[in-house]
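Hi,

Here is the model I said I would pass on. Have a look at it first, and my notes follow underneath.

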Amino acid sequence: MKWFKYIIILIVLFLIPNSVNASCSSAEKARLKKIISNINVSYDYQMVQDNAIFSIKFSNLNPELYFKDPFGNVYRTYDLNNNEIVLNNYTDGKSYTFAFYGIGACAGDNVGNLYVTTPTYNPFYKLGVCENAREFELCQKWVSHSLSRDEFVKKVNEYKDKNEIIDNSQINKKISVIDLTISFIRMYGLYILIGIIVIIIIVKFIRYKKDTFGF
């Protein structure tokens, strides 16, 4: 019966999942997680047909790790220049998960993730209705909303009415002739006065010469 017990033990050993990497200790995972926390993530964007398309840059990468993007593409870090990489063609207003895996003791184990959320581009921020309401949240370049164009204009106008913001672009300013004359005198009055004095002096000088010399 002993041989039967050995067979049972062997069967049990074969049935135990061997996917767990026994050499990837908690301490090693913690060390790799710290390396991941030191990775710098930044993004930039360009406008393509009024859509914001982002590029995501990872820098300070470590050759002890590799990672996968949300689409399953694998990026090895040991052969990168300057330990950095730029990934392109990410849309706005989305959250992306980048999974990092160990090399060596923790080979193939997911030891941490980095999350990147791209801001949502607001195509209506350039509308004229926002001209005097740039401080309003809806008039910011990067803001998330589900409003249609008409709903957006209505919301902004409601904000402007509530805060008594005057739309100067719709005011036809009429300056009267008197106001224009007063403004002109204020700006050039001193020069006009000096000119008048000079003319008076010249006229008096000419008259004096005529009276003196008789011509």
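Which cysteine forms a disulfide with Cys-24? The partner is Cys-106, with the two sulfur atoms 1.9 Å apart (a disulfide here is a pair of cysteine sulfur atoms within 2.5 Å). This pair links distant parts of the chain, 82 residues apart: Cys-24 is in the loop between α1 (2–15) and α2, and Cys-106 is in the loop between β6 and β7. The torsion about the S-S bond of Cys-24 and Cys-106 is about 90 degrees, so this disulfide is right-handed. Cys-24 is buried at 10% relative accessible area, and Cys-106 is buried too, at 1%. For the cut-offs, buried means under 20% relative accessible area, exposed over 50%, and partly exposed in between, with a 1.4 Å probe and protein chains only.

Before going further, the ground rules. This is a predicted model, where local features need pLDDT of at least 70, side-chain atom pairs count only at pLDDT 80 or more, and totals for chains, interfaces and linings use all residues. Residues are numbered from 1 along each chain as its sequence is written, and side-chain values use heavy atoms, with hydrogens and water left out.

On confidence: pLDDT (the predictor's confidence in each residue, from 0 to 100) averages 82 over the protein, and 75% of the residues score at least 70. Residues 2–20 are the stretch to treat separately, with pLDDT below 50 and 0 contacts beyond near neighbours in sequence (contact means heavy atoms within 4.5 Å).

Back to the cysteines. The structure holds 2 disulfides, and the other one joins Cys-130 to Cys-139, S to S 2.1 Å. Its S-S torsion is about -80 degrees, so the disulfide of Cys-130 and Cys-139 is left-handed. Both Cys-130 and Cys-139 are buried. Counting bonded cysteines along the chain, the pattern is 1-2, 3-4.

Now the fold. There are 4 helices and 7 strands, running α-α-β-β-β-β-β-β-β-α-α from the N terminus. These are DSSP runs numbered from the N terminus: helices are H or I with at least four residues, strands are E with at least two. Four of the strands make an open sheet in the order β4-β3-β6-β7, with antiparallel pairing (two strands pair if DSSP finds at least two bridges between them). β4 (74–76) and β7 (110–117) are at the edges with a single partner strand each, so one side of each has no neighbour in the sheet. From one strand to the next the twist averages 25 degrees. Between β6 (residues 95–102) and β7 there are 7 bridges, and Phe-98 stands opposite Leu-114 in β7.

Helix α2 (residues 26–37) lies across β3 (65–68), β6 and β7, at about 20 degrees to β7. Axes are lines fitted to C-alpha atoms, for helices over the stretch in contact, and angles run from 0 to 180 degrees between N-to-C directions.

One loop residue to click on is Asn-62, between β2 (51–59) and β3. A polar atom of the Asn-62 side chain lies 2.8 Å from the backbone nitrogen of Glu-64. Leaving aside neighbours within four places in sequence, Asn-62 is in contact with Ile-35 and Thr-77.

Finally, two totals: of the 215 residues, 24% count as buried, and among contacts between residues at least 6 apart in sequence, 51% join residues at least 24 apart.

Cheers

Technical notes: A polar contact is a pair of N or O atoms within 3.5 Å; within protein, one must be able to donate a hydrogen and the other to accept it, and residues adjacent in sequence count only if both atoms are side-chain atoms.
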